[in-house]
Amino acid sequence: MIETKTYLGGKYDVVVVGAGHAGVEAALAASRMGLQTLILTISLDGIVALSCNPNIGGTGKGHLVREIDALGGEMALNIDKSFIQSRMLNLSKGPAVHSLRVQADKKMYHTEMKKMIEDEPNLTLRQGEAIDILFEDEAIKGVVTRTGAVYETKAVVIATGTYLGGRVYIGEVNYQSGPDGMFPSLLLSDSLKEKGFQLRRMKTGTPARVHRDSIDYSVMEIQPGDDEVIPFSFLNMGKKFDFEQVPCYLTYTTEATHEIIRQNLDRSPMFSGYIEGVGPRYCPSIEDKVVRFGDRDKHQVFIEPEGLSTKEMYVQGVSSSLPEEVQIDMYKKIIGLENVQFMRTAYAIEYDSINPTMLKRTLEHKSISNLFFAGQINGSSGYEEAAAQGLIAGINAAQNVKGRGPFVLDRSEAYIGVLIDDLVTKGTDEPYRMMTSRAEYRLTLRQDNADLRLTKKGHDLGLVTQERYEKTIEKEKLIDCELKRLKKVIINPNAENNRILEGIGSTPIKNATSLYDLIRRPEISYDDTAVFDPDRYTLLKEIRLQVETQIKYEGYIKKQMQQIEQFKKLENKKLSVEFDYSRVRGLSNEALQKLSAIKPDSVGQASRISGVSPADINVLLIYLEQRRRNGEMDE
Amino acid sequence: MSETIAAISTAVGEAGIGIVRMSGRESLDIAKRIFVRTNHNEIDEKDNKRLLYGHIMDGDTIVDEVLVAFMNEPYTYTRENMVEIYCHGGIIPVKKTLELLLRKGARLADPGEFTKRAFLNGRLDLSQAEAVIDIIKSKTEKSYDVSLNQLEGSLSREVEEIRRVLLGMIAHIEVSIDFPEDDIEEVTYDELIRDGKQVRERIEKLLATSGRGKILRDGLNTVILGKPNVGKSSLLNAVLRENRAIVTDVPGTTRDIIEEYVNIDGIPLRIMDTAGIRQTEDLVEKIGVDRAKETLEKADLIIAIFDISRSLSEEDHHIIDLIKEKKTIVLLNKTDLPREYDEALFREYFDANQIISTSMVKGVGIDELENAIRAMFYGGDIQLDSEMIITNIRHKNQLEKAMENIGSVLGDLSQQIPLDCLEVDLRSCWENLGEITGESITEDILDKIFSEFCIGK
């Protein structure tokens, strides 16, 4: 135990440990739901630090940001204030996978969020290192800081990111550290272990930051932003963003780069075995790429600005844990970086995480009530994944304290649901990243309809402002009216109309056809049909797109809705955490073991646990029915 | 809304009638799609629980002459709408009827699912819950065993191959979607169409052969056993010739066991000719022999041949040891040559009606052999495994669904439907085939992406 004199620092409903992307969303949600909330961070300068890449969004991740926004979270609004370039990816690949991705000004992102926290009525921001979580009889009592403050609280959200037990690796050099030169959180790691939490090591890495003026852009390909900027937040739809976007640049490694890496592999802690943590497959170091894909003669490198007020540039694609001098040599063999000047060295960082299968889908610990976990400590990776979990943890901490029921999104409702269900049901062996391919109901979980899916729920929670709520209701109404109207606008198969149709690359019609049916044709857009529609009033672009998507993909979406209906049946059969599986005769041993360990909250979740077979699920259903009827007889 | 399920609810092959049963909201409608009453009257409320006479029709073709009972919920076994179709006995009528129902919208019932529904809908009382669990468990285990059993060999290999092509397509689509900025060749529609057509052709081929019983192994496992040169090949040829059987070897089998399919009076036999069984020190030969023994373990019927013109060797005695406890027909061959021993030798281990004297070269005894097989089958001594037949129907049904899905993928591709939409049917197709091999794990897709594409910034 640590012998420190303590004093009572204050009493709160919720204390959040960590002010990264997860912690901040958790704290804002809890305080906006009316609870006295304290957020602790090792450094006030580290609030929502974008410690790795200077981007928000991307495939899957962009969907998460939209969902966070629809529920009343802050990430989208904050990036809308601080982005310096914006692109909609995947425009050619179908509406469900359009993904917004922007470059952030890191400093601005931090500053804007810090201001928001400081202005939040029920929220207290405090620099301090949490070193212990107090609980008695599996109930939360408080949080202790390094400087002796004890904050009494009803609920705690732990969102320690890469700070917890952090260790940085650069070649043969390694030392205890948080991200980017921050203090690590070591004592909390020790006290969690003392309390019996099993912590395991995860690993991630980041490339070097280099001086803008040391780069030869003339040999690189410029990557500008989109002409038309679409904001992240639904509240900002239709708003004009008139500023000059900052470009990124694309260049490549060379054989010479790879040669240097191969010659120095034995000096990489990843390959010499010093690092025990597991790194993510989708975000490999350059060493990894060169070893695993040896036949490639070049790899992509993106040069991205870190912000408007700095000359630091991020070198996307070249994260590394090689020794500093090797890194410099190797970077100099990248096209255009011959004279590169390093400002921050690339490093790998190892940190502690828990096994997320010990959590409920509210992100509350299964046996210690009111103890929540969010972000990288749960084995995820990425700012957006962290923020999404933080929001759900914060909401549920607030729900608990208020004595209300849990708030859970399922796999058919949101990417957030997929993310959390995957983590707590299957666990993860590597830092988990959201990808659209993980969502089985992808066609219905689009980034363009996140508000239609979730804002009402956020409003019920008391998290969504009246303005946002009304905006969504209005949007819903407009879409609905327009869909109905388009069914009634009929055009005749006369020569004039058919000539127009051929003019826009379509085929003539033989019978009177509604505009609704015309838009179903792959080659005809909603806007194309305006010529046939003199009464049409101009709708916002997001509404026009929504209308078009709902018409064009109606068949596919209907198919998916049927699957969702099936899925919901088992989701709605609830299981309690206290459920004693050993009393269910007929379960296979493996199923018994897994179910007892993971304690799923529905039969649906149970069916997704590996090792639980359909026969086990049938046996479980029979047992539940048996118990239900017994219960009836008791009454 | 719960799905409508169908299954064969009598043991296949032995009884005079076979019953196909269906349960679920739509079962009445589905049955009406394939059943035509002889008097052509509409089927309505007053026909509830009456036996109606007519025909099961596949389009214009009569499948079977049947009696059908339509039963309205809730007073049925499962408390759902139910239909029972009484077909003629034997495998073909029930199998075809069930296949038709599946094509018209029913889903093949899971093991024990009727009873499960009966219980969950409150039909069975609480004391029967344990029994319900037992039924589900035992049926599941059995069908799982059967499934695995059938899966060695060409079907599983081909299905795995097709799935690999599909996985490649899916992974390429997913990687294009999830990693748009990585240095990866974007998947093109032309490539997808090419691969999709390949998949369609291969599934088509599987389906075409399934009718001939080539890959769907619904036959009695029949092993021909005997030391070299006793006349095994002659027997096989004689049986095959007489029955104009479909002669197929299974492509790609590495086992030195030849498989043939014959049909004797509607009794399907899957004949395996073994390499011979002999105690041996030679490693290569031993592997062959071990396989032969393994095959014996799974056999429904063994036809053992002995050469009566030569005295019994140690090897012959070894064979007798292996088969004396099993369903066996003993052939004493080469009766055209002078006899070296008397059949009384075999009476010690086998009944008289199990022993047949033959001369393959003269064509003597083949009819007797077939009669013996018929007698054993219709006498119930040997039985077709119902589970096996169900598994075959399940496989075929999955192949048909896969075919439908790849068809709509190709349709979408030709219309340039976006990747995220067409991927839905593509994934379903992959899952349909996975149901056959028992593998459907999403993690495969991610593994494929990470192992084949260099991604990550």
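The following exchange concerns a predicted model and the terms used to describe it.

Author: In this predicted model, local features need pLDDT of at least 70 and side-chain atom pairs count only at pLDDT 80 or more, while totals for chains, interfaces and linings use all residues. Residues are numbered from 1 along each chain as its sequence is written, and chains are lettered from A and ligands numbered from 1 in the order in which they are written.

Reader: What makes strand β2 of chain A mostly covered?

Author: A residue is buried if 20 or more other C-beta atoms, placed from the backbone, lie within 10 Å of its own; it is exposed if 12 or fewer do, and partly exposed in between. In β2(A) (residues 37-41), 5 of its 5 residues are buried, so the strand meets that description. Thr37(A), Ile39(A) and Thr41(A) point one way, Leu38(A) and Leu40(A) the other. In a regular strand the side chains alternate between the two faces of the sheet.

Reader: How do you know that β2(A) pairs with strand β1 (residues 7-17) of chain A?

Author: Strands are DSSP runs of E, at least two residues long, and helices are runs of H or I, at least four, numbered from the N terminus. Two strands pair if DSSP finds at least two bridges between them. β1(A) and β2(A) are joined by 4 bridges and run parallel, therefore they pair. Val15(A) stands opposite Leu38(A). With β6(A) (residues 123-127), β2(A) shares 5 bridges, again parallel, and Thr41(A) stands opposite Gln127(A).

Reader: Why are the buried residues of helix α1 of chain B said to lie on the same side?

Author: In α1(B) (residues 27-34), the buried residues are Ser27(B), Leu28(B), Ile30(B), Ala31(B) and Ile34(B). They cover an arc of only 165° around the axis, which puts them on the same side of α1(B); the arc is that of the directions from the helix axis to the C-beta atoms.

Reader: What makes the set of 176 residues a nonpolar core?

Author: A nonpolar core is a set of buried Ala, Val, Leu, Ile, Met, Phe, Trp, Tyr and Cys residues joined through C-beta atoms within 7 Å. The largest has 176 residues, and Val14(A), Ala26(A), Val156(A), Val157(A) and Phe372(A) have the most contacts inside it. Helix α10 (residues 383-401) of chain A gives the most to this core, with 11 residues.

Reader: Which residues are in contact with Val157(A)?

Author: Contact requires C-beta atoms, placed from the backbone, within 7 Å. Not counting residues up to four places away in sequence, Val157(A) touches several residues, including Val14(A), Gly23(A), Phe372(A) and Ala397(A).

Methods: Contact = placed C-beta atoms within 7 Å.
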